[in-house]
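These questions are meant to be worked through with the sequence and the coordinates open side by side. Each answer gives its reasoning before it arrives at the value or name asked for.

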Amino acid sequence: MEKQRLIQFKGVKKKLGKTMILDGINFSVSAGEVVGITGANGSGKTTILRQICGFLYPDQGEVIVSNEIVEPGLVGKIPAGIGALIETPTFLPQFTGFQNLALLAGIQEKIGKETIKKSLKMVGLEPMDKKKVRKYSQGMLQRLGIAQAIMEEPKILLLDEPTNGLDKDGVDLFRQILEKQINDHVAIILVSHIEEEISRFCDKVYLLKDGKLELIQKQKQREWIILVRTVEELEQLSYVLTDFRIIKRVGGFATGQCKGEWESKQELLAFLMSYHIIPEKIMMEEEVVLC
Ligand SMILES: Nc1ncnc2c1ncn2[C@@H]1O[C@H](COP(=O)(O)OP(=O)(O)OP(=O)(O)O)[C@@H](O)[C@H]1O
């Protein structure tokens, strides 16, 4: 069964000032899919996100969100079902993080206090912290921005440089959140300059250059951890896997790491078994971080 396409760009052209920023853009994002967009500063990545939110409209072509053409008339109001973190999030400085989210949620009247608290906890912020947002660090603001984007359990999530300013714990929490959103079949666009981030999470990656989108990665590259009993087996792995490296032992086993496009552990296991290698265990990188 074909997955539901939640975002579609059809021949979208957009001029800003005298420059043609988007010059015939075509792409789509389905439920549960993560599409990455990368490109130089000023190439127009945020312009794409703004059009999905209805902050800007194409000069030519169509932007279709949840089966509806985005048309003028809703300026400044993000359509229902979209969670967005676009550029540096702005909040009211005299209020706490919780109060800010409660105010934003109050506008839509869709979620209660407990859901807001849950979102804050997911990003590692203490819901009842009395600290005002004006005293937040950049990383805390970014965490609050992510909480705001996910709190209404959107069907579509737009993330512009989401790990900006996050420390290692923040990045780990973000990874867990993204995994959850994918499992919940959210359609996600991730704009990022960080190659590692974009290649790990995205099913497809586009480069935006001179107003055109070029597909530069077709499938998600995940990091896999493979545990085996002997050093000889590690050596065998290094022959059959590209980009294979030996890492610190996990759980007492000889351990290696590689990058690859397998959809599941079973798929990787089948690949290794075709070379008569039977690993002790296969893990995804994030599982090792967690243990
Ligand atoms: N209202 C406007 N009028 C004229 N030009 C604009 C306007 N808004 C944005 N631009 C220009 O459009 C181009 C694309 O901007 P956009 O913010 O989409 O780029 P970006 O790829 O997101 O950049 P960055 O990586 O720096 O965030 C930039 O050159 C910007 O200066």
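Q: Which residues have the most contacts inside the largest nonpolar core?
A: This is a predicted model, in which local features need pLDDT of at least 70 and side-chain atom pairs count only at pLDDT 80 or more, while totals for chains, interfaces and linings use all residues. Residues are numbered from 1 along each chain as its sequence is written. A nonpolar core is a set of buried Ala, Val, Leu, Ile, Met, Phe, Trp, Tyr and Cys residues joined through C-beta atoms within 7 Å, and a residue is buried if 20 or more other C-beta atoms lie within 10 Å of its own, exposed if 12 or fewer, and partly exposed in between, with C-beta atoms placed from the backbone. The largest such core has 58 residues, and those with the most contacts inside it are Leu158 and Ile189.

Q: Which helix gives the most to this core?
A: Helices (H or I, at least four residues) and strands (E, at least two) are taken as DSSP runs and numbered from the N terminus. With six residues, the element that gives the most to this core is helix 4 (residues 138-150).

Q: Leaving aside its neighbours within four places in sequence, which residues is Leu158 in contact with?
A: Two residues are in contact if their C-beta atoms, placed from the backbone, lie within 7 Å. Once the neighbours within four places in sequence are set aside, the contacts of Leu158 are Leu49, Ile52, Ile82, Ala84, Ile86 and Ile189.

Q: How many residues does the second, separate core have?
A: This core is separate from the one just described. It includes Leu227, Leu241, Leu268 and Leu272, and its residues number twelve.

Q: What is the strand order of the open sheet of six strands?
A: Two strands pair if DSSP finds at least two bridges between them, and in this open sheet the pairing is mixed. The edge strands, each pairing on one side only, are strand 6 (82-85) and strand 10 (212-217). Neighbouring strands are turned by 20° against each other on average, direction ignored. Read across the open sheet, the order is 6-7-8-3-9-10.

Q: What angle does the direction of helix 4 make with that of strand 6?
A: Axes are lines fitted to C-alpha atoms, for helices over the stretch in contact, and angles run from 0 to 180 degrees between N-to-C directions. Helix 4 packs on the sheet and touches both strand 6 and strand 7 (156-160). The angle between the directions of helix 4 and strand 6 is about 170°.

Q: Which residue of strand 8 stands opposite Val34 and is also the bridge partner of Leu157?
A: Strand 3 (residues 34-38) and strand 8 (residues 187-191) pair in the parallel sense over four bridges, with Gly36 opposite Leu190. Strand 7 also runs parallel to strand 8, and five bridges join them. Opposite Val34, and likewise as bridge partner of Leu157, stands Ile188.

Q: How many of the residues of strand 8 are buried?
A: In a regular strand the side chains alternate between the two faces of the sheet. In strand 8, Ala187, Ile189 and Val191 point one way and Ile188 and Leu190 the other way, and all are buried. Strand 8 is therefore largely enclosed by the rest of the structure, its buried residues being five of the five.

Q: Which helix gives the most to the shell around the ligand?
A: A residue is near a molecule or strand if its C-beta atom, placed from the backbone, lies within 6 Å of it, and the residues around the ligand include Leu16, Ile21, Lys45 and Thr46. Ala, Val, Leu, Ile, Met, Phe, Trp, Tyr, Cys and Pro count as nonpolar, Asp, Glu, Lys and Arg as charged, and the others, Gly among them, as polar. By class, the shell has two nonpolar, eight polar and one charged residues. With three residues, the helix that gives the most is helix 1 (residues 45-53).

Q: Is Gln51 buried or exposed?
A: Gln51 has its place in helix 1 and touches Val12, Leu56, Tyr57, Pro58, Val63 and Val70, not counting residues up to four places away in sequence. Because Gln51 has 22 C-beta neighbours inside 10 Å, it counts as buried.
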